[in-house]
Amino acid sequence: MQYPVGPPTHPPMPAVPPPPPGQDAATGHFPLAGAAQTAAVAVLLIGPAGAGKTTVARHWADTRRVPTAHVSLDDVREWVRSGFADPQSGWNDHSEAQYRLARRTCGFAARNFLANGISCILDDAVFPDRPVVGLGGWKRHVGPGLLPVVLLPGLEVVLERNAERTGNRRLSDEEVARIHGRMAGWYGSGLPIIDNTQQDVATTARLLDEVVARSLTAR
């Protein structure tokens with residue numbers, strides 16, 4: 001009996017069909033039936049740990065008159081249950097990789113919400129001295145229409161709020177002070193800054209609404 005020689009032959013790979021009508025090629029989603037066709041907005045709320053970003057973002061999303069989602073970077077980072085890289089143990093390549101992965105995941109979710117007419121607000125401690133991996137990275141993942149807003153209360157308020165946190169979200173006073181100092185670099189950047197030192201959550205959310213409205217009008 002003779003056996004064939006040479007590499008085995010395989011049938012040609014079928015061509016990848018184009019996405020069906022209505023499907024987004026980048027995200028693979030279909031717009032939801034009855035989704036609002038009004039222009040949705042994506043807001044990135046920037047600030048140090050203890051600034052109140054997550055609380056304000058959640059309240060802002062809860063009280064808007066149009067569909068709005070809240071996407072928290074910290075929440076997405078904590079989806080990693082085993083092998084979670086805690087920056088408190090030292091910022092390294094492992095924690096940096098998980099941070100980048102969480103940011104891409106948040107950006108993917110935001111684009112899907114926007115494509116379905118749902119606005120969204122994201123929150124993250126983005127540093128002004130790291131534009132490529134910070135604000136620039138967010139704009140790459142979400143899109144150029146992203147509206148960044150800085151939430152920056154006084155240091156004493158940030159320290160008080162941080163003291164009320166638990167688990168890996170609570171930082172040392174020294175780390176909080178260092179982060180707060182770096183955030184001061186946003187002054188003079190041209191980004192809108194809200195000082196919520198003496199503002200409650202509802203008032204801060206209203207100020208955020210005014211900032212977003214002005215930004216959209218200026219486009």
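These are my notes on the salt bridges and on helix α4 of this structure.

**Entry 1, ground rules.** I am working with a predicted model, in which local features need pLDDT of at least 70, side-chain atom pairs count only at pLDDT 80 or more, and totals for chains, interfaces and linings use all residues. Residues are numbered from 1 along each chain as its sequence is written, and side-chain values use heavy atoms, with hydrogens and water left out.

**Entry 2, salt bridges.** I looked up the count and found 4 salt bridges (a side-chain nitrogen of Lys or Arg within 4 Å of a carboxyl oxygen of Asp or Glu). I noted three of the pairs, including Arg-77 with Asp-74.

**Entry 3, Arg-77 and Asp-74.** I read 3.7 Å, N to O, for this salt bridge. Both residues sit in helix α2 (residues 73–77), 3 residues apart, or about one helical turn. For helices and strands I use DSSP runs numbered from the N terminus (H or I of at least four residues for a helix, E of at least two for a strand). I then checked accessibility, where buried means under 20% relative accessible area, exposed over 50%, and partly exposed in between, with a 1.4 Å probe and protein chains only. Arg-77 is buried at 11%, while Asp-74 is partly exposed at 22%.

**Entry 4, Glu-96 and Arg-100.** Their side chains meet in a salt bridge at 3.2 Å, N to O. I place both in helix α3 (residues 93–115), 4 residues apart, about one turn. An α-helix has 3.6 residues a turn, so residues three or four places apart point the same way. Glu-96 is buried at 12% relative accessibility, and Arg-100 is partly exposed at 30%.

**Entry 5, Asp-129 and Arg-182.** I read 3.0 Å, N to O, for this salt bridge. The pair links distant parts of the chain, 53 residues apart: Asp-129 is in the loop between β3 (119–124) and α4 (135–142), and Arg-182 is in helix α6 (residues 173–183). Asp-129 is partly exposed at 48%, and Arg-182 is also partly exposed, at 23%.

**Entry 6, helix α4.** Which residues of α4 are buried? I listed Leu-135, Gly-137, Trp-138, His-141 and Val-142. They lie on the same side of α4 because they cover an arc of only 160° around the axis, the arc being that of the directions from the helix axis to the C-beta atoms. I find these buried residues packing against β1 (42–46), α2, α3, β3 and β4 (147–151), with contact meaning heavy atoms within 4.5 Å. After α4 comes Gly-143, with a positive phi near 135°.
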